[in-house]
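Trainee: Can you walk me through the side-chain and helix packing here, and then the odd backbone spots?
Mentor: Sure, have a look first.

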Amino acid sequence: MEGRKSHPLLSGGSLKEKPKYMHGFSSSQIQSLAAVCEALVPSLPTNGVDQISDDNALYSYYMSSASQTPFPNETAELMVKRGIPKAVLVVSLVLKFLSTRIGTLLLCGSTCLDWKWPFIHKFSELSINQRESILQKWSRGTLVLPLRTVFFMLKVTCFYTFFSLTDEKSQNPAWEAIGYHIEKVENSAQLEKERPLEKGVIETEKENELTLRESLVQKGLKVAENPKDHSTLNIECDVVIVGSGCGGGVAAAVLAKAGLKVVVLEKGHYFTAEDYSGLEGPSMNEMYASGGIFSTLDGKFILLAGSTVGGGSAVNWSASIKTPDHVLQEWSAEKKISMFGGDEYQSAMDEVWGRIGVTENCVEEGFQNQVVRKGCENLGLKVEGVARNSTENHYCGSCSYGCRRGEKKGTDSTWLVDAVNDGAVILTGCKAEKFLLVKDKNLEQRKRCKGVIATVESESESTRMKLHIEAKASVAACGALFTPPLLVSSGLKNKNIGKNLHLHPVLFAWGYFPESGSQLRGKNFEGGIITSMNKVITGEPNFRTIVQTAGFGPASYAVFLPWVAGKDMKDRMSKYSRTALLFTLVRDVGSGEVREEGRVSYKLNKFDEENLKAGLRQCLRIMIAAGAAEVGTFQNNGQRLECEGVGGEDVEKFLEKVMAAGGPSSGGQYWNTYASAHQMSSCRMGADERDGAVDGNGESWEGKGLFVCDGSVLPTAVGVNPMITIESTAYCISKRIADYLDKEKQT
């Protein structure tokens, strides 16, 4: 961290108790929560173990506990801020019960009974071993599923807080012991003196009512005060785009180049390479939807979606894979979307490939990708290199928190730069509320979209204003999780809006590779995140399942890690830096729904479960073949296999037990936490309004001049990392929007 100063929002905080917290829990509830945290992450005596006693960092790590200040209050704060409200309410009630003797008896049973006065103990009065036993029952229990959900929320928020919270020097007490550090990146000569989007960006959090209006005028926009509401500004432009990611960024560039005055609305903040800190906690909080702790309603999936200028392209893992031919064939022939069947789309992919600087070689692979390559080669499996939108020698494992070297080419450093150079304006901290749909006598069954109503999101109430942006064309590019709720709030009724949501479901597997005696170099957080992959062959003509590597910091890794006991958790995390994390991803047939912001449901298809199971077993085979000392899944029972001296028959017996179990709210004894970093198809294109939320040009069936231009328009799941597909689709749609506006102008 020396040699450069990151943005205050992305910098380290403090390990001291804050003067005031907003979680609303009582002192007795916090006492119960601290007792839970202590059982999850306990202080453990080293008992004279030389390896620990002689290592100050390890000794401090094993002696520390999540019950120490400020972890309980910070855990409560995170839970209330990011958790689903109903689930938080249940947790609050459970903590109330645990703060009383009778409540503890009801929830914990005979464990809290004693022959001595007061005969019944509160949860906080029980020994750590007793509390640990209770939490184990909650994790594995099938009769009272709400307690399993409570356990899940407490585990997620406690672990995330314990491993992400940092002091003023941007250090976490556990990091040295688990082998983790923030890589030092000096200011590079490649970094610009002026921020790339400076000439076009307006950061509303730095503006007041007067300066905001002046800034808009200076950027070449027509601005007037709304005569009916003095807290609203009326703005005129040619095109308004909601969102700045893979879809919105490309659309802004294409339309601005066509000579149109473009306004881009982004609810997140604008950061540059020099602003990034590489710190997991603040980076996730500022650059991801719901701070990276965004789950489906049943808690089965944790959803990762970018929420900053550049959207997902600013925080993704750089994988640049063109749309597979069999997918394009399906979309053009079966789904009858002509855009995907000809030269237009192929040319768009070439344009995207060139603009974001995709390279197909990797000079040096990181530890995890070495594991994939070695394991596949030893098994005789085909391993493929993965192209990246960065330089060939890009060796960065923290691009998921923004590329500090400035080498990854997201829309924030490519398409949006083109857009502002052609006169586009980007408003950050600005959230769209609804599109303006009005009746038009020239349209029989459709309304005409006239723009959007947005709110300037700011910490200061003095600049909390509404913007009435009038435009000839309006574009929703908020991503598959946020575009449907915006369209629903705008009054659109098409039955496909918010339906058919695909998530590319992901399950993880791990393999531990001790440094001693291993030819595999590095740590799991070093090197390019995805530079190699394996396609799982399951007998179908086209692959549906792939194996790749994950880029998780300690806190995110701990969130997915199965907890079976406090000591096991600490032992497991102490091996973090040499634990390879592989995942299997499927092109899902199952689908979900999102019609209200923050409320996502999803049902995994049986076919997808089988493919996930096959992929998960492939992950484990690859790591065993690469020389892992131990491998395992993230199933709640801590499923694992020690590999030394184990023969092929024993490996197959272990793999037979590996499955794609349900989520924490499922009724089964075993459960998993799934992840999704690719959300698609929730406003899919269709040949007609019965089959899609928008037509083959991305235009709404119900609102003329209203277009969707992000991953939500994809007809189905892609089956590979979708950045190239989304940007290429956006390129085609944007060209058609320009043609539409040209025709409108002529008429």
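Mentor: A term to begin with: angles under 35 degrees count as roughly parallel, over 145 as roughly antiparallel, 65 to 115 as roughly perpendicular and the rest as oblique. This is a predicted model, so local features need pLDDT of at least 70 and side-chain atom pairs count only at pLDDT 80 or more, while totals for chains, interfaces and linings use all residues. Residues are numbered from 1 along each chain as its sequence is written, and side-chain values use heavy atoms, with hydrogens and water left out.

Trainee: How do helix 21 and helix 22 cross?
Mentor: Their axes come within 10 Å and cross at roughly 150°, with helix 21 covering residues 606-625 and helix 22 residues 648-656. Axes here are lines fitted to C-alpha atoms, for helices over the stretch in contact, with angles running from 0 to 180 degrees between N-to-C directions. Helices (H or I, at least four residues) and strands (E, at least two) are DSSP runs, numbered from the N terminus.

Trainee: So parallel or antiparallel?
Mentor: Helix 21 and helix 22 are therefore roughly antiparallel.

Trainee: Which residues make the contact?
Mentor: From helix 21, R617, L620, R621 and I624; from helix 22, V651, E652, F654, L655 and E656. Contact means heavy atoms within 4.5 Å.

Trainee: Switching to aromatics. How many pairs are there?
Mentor: The structure holds 27 aromatic pairs. Rings of Phe, Tyr and Trp (its six-membered ring) pair if their centres lie within 6.5 Å; planes under 30 degrees apart count as stacked, over 60 as edge-to-face and the rest as tilted. Take F301 and Y602: the ring centres are 5.1 Å apart and the planes are at 70°, so this pair is edge-to-face.

Trainee: Where do those two sit?
Mentor: F301 is in strand 6 (residues 301-303) and Y602 in strand 18 (residues 599-602), so the pair ties together parts 301 residues apart in sequence. Both F301 and Y602 are buried; buried means under 20% relative accessible area, exposed over 50%, partly exposed in between (1.4 Å probe, protein chains only).

Trainee: What about F508 and F560?
Mentor: Their ring centres are 5.0 Å apart with planes at 65°, so that pair is edge-to-face. F508 lies in strand 13 (residues 506-512) and F560 in helix 19 (residues 554-560), so parts 52 residues apart in sequence are tied together. F508 counts as buried at 4% relative accessibility, and F560 is buried at 6%. Both also belong to a cluster linked by ring pairs, with W175, W317 and Y576 among the other members.

Trainee: Which charges sit over rings?
Mentor: K300 lies over the face of Y674, 5.1 Å from the ring centre. The charged end of R572 is over the ring of W510, at 4.0 Å from its centre. The test is NZ of Lys or CZ of Arg within 6 Å of the ring centre and within 35 degrees of the ring normal.

Trainee: And the backbone oddities?
Mentor: Most residues other than glycine have a negative phi, and most peptide bonds are trans. A cis bond joins T69 and P70, with omega about 5°, and another joins W117 and P118, with omega about 10°. P70 is in the loop between helix 3 (56-63) and helix 4 (71-82).

Trainee: Is K336 buried or exposed?
Mentor: K336 counts as exposed, at 58% relative accessibility. Its phi is positive, about 60°, although K336 is not a glycine. N500 also has a positive phi, near 60°, but N500 counts as buried at 17% relative accessibility.
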